[in-house]
Amino acid sequence: MHFTLPESAQAFRREVRDFLAERPMQDYPADATDGGYGTGPFSREFMRALGRRGWIGLTWPVELGGGGRPMIDQLVMLEELAFAGAPFGPLVGNDQWAQSLIRDSNDRLRDELLPAIAAGEATCWQGFSEPDAGSDLLALTTRAVRDGDEYVINGRKIWSSEAGAYTHGQLLARSESIEDAGSRANGLTMFVVPNDAPGLTLRPILAMTGEVYHYEAFLDDVRVPEWSVLGSEGEGFRELLRGLDRDRFWGRFTKPANLLTKLDQLDAHARSHRRDGRTIIEDSGIARRLVELRAEAAATRLLFHKLGWQLSNDLPVPYESALYKTMADELGQRVANLAADVLEQDTLIRREPHRFETEMHHLYLSSPGQTIAGGTSEVLRTTVATRGLGLAKG
Amino acid sequence: MDFGLEEHQDQLLRTAQQWIERSWSKGTISSSVGRRSLWVEVVENGWAGLLEQTGDGATVLDAALLVEELSHGGCSLPIVGGGLLAPLTAEVAGLGVPAGGAGLLAFETGGETEPAARGLEIFDSAIAVRWTHEGGSRSWEVAEISLDDAGLVADQEEERFSLSRMADAEVLRSASWAAADPSAMEAVWRVGAVLTAAELVGLARAVLARCVDYAGTRVQGGKPIGGHQAIQHRLADMLAGIDQSRYATCWAAAHPDDQMAVHQAKALAARDCVSAIRAAHQVMGAISFSAEDELHHFHKQALLAANEFGSANHHWTALERLSS
């Protein structure tokens, strides 16, 4: 057991820092809002800048246009982006999409999409949840029917992050009836659908932050070619499960680093602002919560590195991704609560972008959704108990 | 980064597990005579004095992994104080330590209660350490004291561990105290904080395993109580606190000179591992607050470890000072 980064990763960290120092992050225009996951908003310009450096496909195989670099380099880069508050919103989700294409896709789909993803031009949203299929995803009713060399998709998806700003959707639909497939987990197929496909309509959902992050997708006779299938027909749910642990890992890996930065900002604010005749930090309750949350964020960061090490060594992760995702999101809510106690009523005042108060406003109002998206904390605690501790399902 | 065990660490932990399986039994540990004979085996295994600078080059991380494994196995001998910190302290103060080890008795000068420590009945002598706060720092003194006729009162003789207090203050008053280098002593105390954090992690892991076993077999209303989400979620929360403490402790053990890392590890372990053990009582129900179940031993040992080398509150306060 050791905690030393290889020299090559340390050198790459310096390279990333140099890149980030070239231009202030707020100079990159945001094309969509920050989901609050520690990855900042989506900036097309920033994604293209990453693409020009070859950092979107950093770990992909060289023969597929990637950099062939080890996973630790990707972790180092992501943390540096998070510490800097960079607008790299779609980066980790896109990488998971690309890894699915590399692992399971047909050549046509892979050849069409990988270069565009690597350049920062193609971005992907997920269409899994439906109005009546949330935690019980297998209750979904979106149907895909084969028609010659095409599929015709009809249905409705919801809570699709950034769907209106991205270029493609990754959709799960039933291609075979439950009766014919033998179980609810069979007969589901994963499709890649471009946003400009006729019959696809996206409805923005206004969030309590006052911004749009999620969308509802309506699919009315959407036709896609047969090579749009990601993986094998009827194997969509297994495709989704294969990526689930990795999704939860990548989806939250940058959060502790982001929260550590937020805590530093809160600390600085509490030392430079006064209330009740003293600086805010002189309130012993505030000071104590700051050091406790810092310790938790530092430890959670370490847990994600441990999980990354497990995944990169193909070790089993029976509970880790579910537990650490829950821990990171609940930690984020505690940091948001502290922000609200430091800022008091200012928490609810919307101000111009790139201000500390605006960041905290967004952090607080986006935090309730964190423990719901990507698996509710309740479902995930049950996963920890059953898969991790071996207890029977209730 | 590599979170796997190195070969020598794996060997160290295997030896600890085998020793626990072979030697650790309720009958042996329930008397001071039994504990003395087990301590001889600890010394023979090379665990006492593992961290001495003149030793075999073991790191604080090696020691932390060993302490966690032993406490996970239920070992309640004073490995941290008597086994690892007393020799280290004696070395820093230029004192010799008997081959069979010595107890560690640490206290703040002018304290209002008699100094107390775990496992003193095992040893003939103890390394006594006292400190005084002067401004923002501490001054330290160290002495070797004989424990014969020292007026030891064993308050917890019936437990798996023993907690003895020094009722006769004269032994301490008449000891030959020597000033010790403050920075060296603070470094020793940081190691103590890390190792007691590791002890807490081991204890909490053991308690969680007991809870999981109990929840999987205790049937109420026709099904195991572990099938209820209320129990499942409580156990998941215990695991969260333990994992967080465990890796914060490993990190601190690998960086024992990093004050912030050490304070964070001990504060988290003292808060979350003790919380997990308290929660275990709720999972295990009425039997858990009786002395007929072993949970109370783990709980009391954890409370001692949580408060040795600085309580959670002590370390949070230190972190506030560091960040100001």
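Q: How many Å separate the centres of domain 2 and domain 3 of chain A?
A: In this predicted model, the two centres, taken over C-alpha atoms, are separated by 31 Å.

Q: Where do the domains of chain A begin and end?
A: Domain 1 of chain A covers 7-122, domain 2 covers 125-233 and domain 3 covers 254-388.

Q: And how many residues of domain 2 are in contact with domain 3 in chain A?
A: Four residues of domain 2 of chain A are in contact with six residues of domain 3. On the domain 2 side, one of the residues is nonpolar, three are polar and none is charged.

Q: Turning to the two chains, how many residues does the contact take from each?
A: Chain B contributes 36 residues and chain A contributes 32 residues.

Q: Which helices of chain B supply residues to that side?
A: Helix H7 (182-217), helix H8 (229-254), helix H9 (259-284) and helix H11 (312-323) of chain B each supply at least two residues. The largest share comes from H8(B), with 14 residues.

Q: How do the residues on the chain B side divide by class?
A: The side of chain B that touches chain A has 20 nonpolar, twelve polar and four charged residues.

Q: New topic: in what order do the strands of the open sheet in chain B run?
A: The order is S2-S6-S5, with three strands and antiparallel pairing. Strand S2 (116-118) and strand S5 (152-154) of chain B are the edge strands, as each pairs on one side only. Neighbouring strands of this sheet are turned by 30° against each other on average, with direction ignored.

Q: What holds strands of a sheet together as pairs?
A: In general, strands of a sheet pair through backbone hydrogen bonds, in either a parallel or an antiparallel manner.

Q: Over how many bridges do S5(B) and S6(B) pair?
A: S5(B) and strand S6 (residues 163-166) of chain B pair over three bridges in the antiparallel sense. Leu152(B) stands opposite Met166(B) in S6(B).

Q: Back to chain A: what is the phi of Glu344(A)?
A: Its phi is near 50°, a positive value in a residue other than glycine. Most residues other than glycine have a negative phi. Glu344(A) is placed in the loop between helix H10 (320-343) and helix H11 (356-370) of chain A.

Q: Is Glu344(A) buried or exposed, and why?
A: Glu344(A) is exposed because 10 other C-beta atoms lie within 10 Å, and a residue with 12 or fewer counts as exposed.

Q: What about the phi of His354(A)?
A: His354(A) is not a glycine, yet it has a positive phi of about 65°. His354(A) also lies in the loop between H10 and H11 of chain A. With 13 C-beta neighbours inside 10 Å, His354(A) counts as partly exposed.

Note on methods
Residues numbered from 1 in each chain as written. Chains lettered and ligands numbered in written order. Predicted model: local features only at pLDDT ≥ 70, side-chain atom pairs only at ≥ 80, totals over all residues. Contact = placed C-beta atoms within 7 Å. Helix = DSSP H or I, 4+ residues; strand = E, 2+ residues; numbered from the N terminus. Nonpolar A, V, L, I, M, F, W, Y, C, P; charged D, E, K, R; others polar. Pairing = 2+ DSSP bridges. Axes fitted to C-alpha atoms, helices over the stretch in contact; angles between N-to-C directions. Domains from an automatic or database assignment. Buried ≥ 20, exposed ≤ 12 C-beta atoms within 10 Å, placed from the backbone.
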